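Q: I should like to learn how to read pockets, cores, strand pairing and backbone angles in a structural model. Could we take these topics in turn?

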Amino acid sequence: MKKPLFALPLVLAVCAAAGARAEPTDLGAGFSLSGNAAMVSDYRFRGYSQTDFRPAIQLGFDLNHTSGLYLGNWNSNVSDFVFTDGNLEMDFYGGWKGEVGGGVGLDVGVLHYYYPGSSSPKGGNYNNTDLYLGVSYANYSLKYSYTPSDFFSTPDTKGTWYLDGTATFDLGDGWGLVGHLGYQKLKKAQDMDGDALGHYVDYKLGVTKDLSGWVLGLAAVGATRDNWLPTKNGHPSGRLGAVFSVARTF
């Protein structure tokens, strides 16, 4: 992933091979496999750029069972300035999701972030593990993530948590609207000026357009305390910006 755009032909080939098919592949015994691929102009995580305001190629796979159990993997290139010596993020997750009554959905699981080849402040590769609990109803969702260990390999940051609220709206004719607010609680964090940063709010407001399974997106993304992390050129990586995306499931 030193040169992530080399992955572009692979992503396009995977999507093209899927054709118009967006249904999961039936593996038998109640199991099914699905995938997703995207190209984004900037990879934002909780409001902050992970790619130094540069594009990212992203690819993921999900193994689901009719019982509600699932396992998955998602990958993206990242900046080696954000994750020293690392250019790739690999996420591994598993859990259970299903309806618990009255149209209310529940999603509970664990998510592990891993950055091969990176060098963290604690030594070894950057990594992070979140325990999460999500609740959804109709087009609204709320998700709580808790980090029981040090937050992204930063010493003495155990107990960091994040609350994510998202709403989506169908505008008809393939158009959609998405809104998001997130609250990040931090421990022993400082901004670019050396001031204590205990929390911040990130936000997203965007539109999507479905073109025969290819979903185009344009969103405004940012954070209220945008100067927690700098870019290579010293700019606040949480500053308000426009993010364009092309995505497809297969």
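Q: What volume does the second largest pocket have?
A: Rolling a probe the size of a water molecule over the atoms shows where empty space is left. In this predicted model, the volume of the second largest pocket comes to about 500 Å³.

Q: Which residues lie nearest the centre of the second largest pocket, and how does its lining divide?
A: The lining comprises 24 residues, and those nearest the centre are F151, F152, T154, W228 and L229. By class, the lining residues of this pocket divide into 15 nonpolar, 6 polar and 3 charged.

Q: Which residues have the most contacts inside the largest nonpolar core?
A: In soluble globular proteins, nonpolar side chains tend to be buried together. Here the largest nonpolar core has 23 residues, and Y43, Y115, F152, L186 and W228 have the most contacts inside it. Two or more residues of this core are given by each of β6 (69–77), β8 (104–115) and β9 (126–137). The largest share, 3 residues, comes from β8.

Q: What does Y43 touch, leaving aside residues up to four places away in sequence?
A: With those residues left out, the contacts of Y43 include Y48, R54, W74, V78 and E89. Also among them are S49, Q50 and T51.

Q: Is F152 buried or exposed?
A: F152 is buried, because its relative accessible area is 10%, and the cut-off for buried is under 20%. F152 is found in the loop between β10 and β11. Beyond residues up to four places away in sequence, F152 touches F45, F83, Y113, Y115, Y126, N127 and N128. For one of these partners, N128, the C-alpha separation from F152 is 4.7 Å, although the two are 24 residues apart along the chain.

Q: Where does phi of F152 lie?
A: Most residues other than glycine have a negative phi, and most peptide bonds are trans. Phi of F152, by contrast, is positive, near 50 degrees.

Q: How many bridges join the strands on either side of that loop, β10 and β11?
A: Strands β10 (residues 140–146) and β11 (residues 161–172) run antiparallel and are joined by 7 bridges. Within this pairing, K143 stands opposite D164 in β11. β11 is also joined to β12 (residues 175–185), again antiparallel, by 11 bridges; here Y162 stands opposite Q184. The hairpin of β11 and β12 has 2 residues between the strands, and D173 takes a positive phi near 55 degrees.

Q: How many residues lie between β1 and β2 in their hairpin?
A: This hairpin has 2 residues between its strands, and A29 in the turn has a positive phi of about 60 degrees. β1 (25–28) and β2 (31–40) flank the loop that holds A29. The two strands run antiparallel, joined by 3 bridges, with F31 in β2 as the bridge partner of G28.

Q: Is A29 buried or exposed?
A: A29 counts as exposed, because its relative accessibility is 68% and the cut-off for exposed is over 50%.

Q: Which residues of β5 and β15 stand opposite residues of β2?
A: On one pairing, 10 bridges join β2 to β5 (residues 56–65) in the antiparallel sense, and A37 stands opposite L59 in β5. β2 also pairs antiparallel with β15 (residues 241–249) over 5 bridges, where the bridge partner of V40 is S245.

Terms used
Residues are numbered from 1 along each chain as its sequence is written. This is a predicted model: local features need pLDDT of at least 70, side-chain atom pairs count only at pLDDT 80 or more; totals for chains, interfaces and linings use all residues. Side-chain values use heavy atoms; hydrogens and water are left out. On a 1 Å grid over the protein atoms alone, a cavity is a set of points where a 1.4 Å probe fits but cannot get out, and a pocket is an open set with protein on both sides within 12 Å along at least five of seven lines; lining residues have an atom within 4 Å of a point. Grid points are joined across faces, edges and corners, and a volume is the space filled by probe spheres set on the points. Ala, Val, Leu, Ile, Met, Phe, Trp, Tyr, Cys and Pro count as nonpolar, Asp, Glu, Lys and Arg as charged, and the others, Gly among them, as polar. A nonpolar core is a set of buried Ala, Val, Leu, Ile, Met, Phe, Trp, Tyr and Cys residues joined through side-chain atoms within 4.5 Å. Buried means under 20% relative accessible area, exposed over 50%, partly exposed in between (1.4 Å probe, protein chains only). Helices (H or I, at least four residues) and strands (E, at least two) are DSSP runs, numbered from the N terminus. Contact means heavy atoms within 4.5 Å. Two strands pair if DSSP finds at least two bridges between them.
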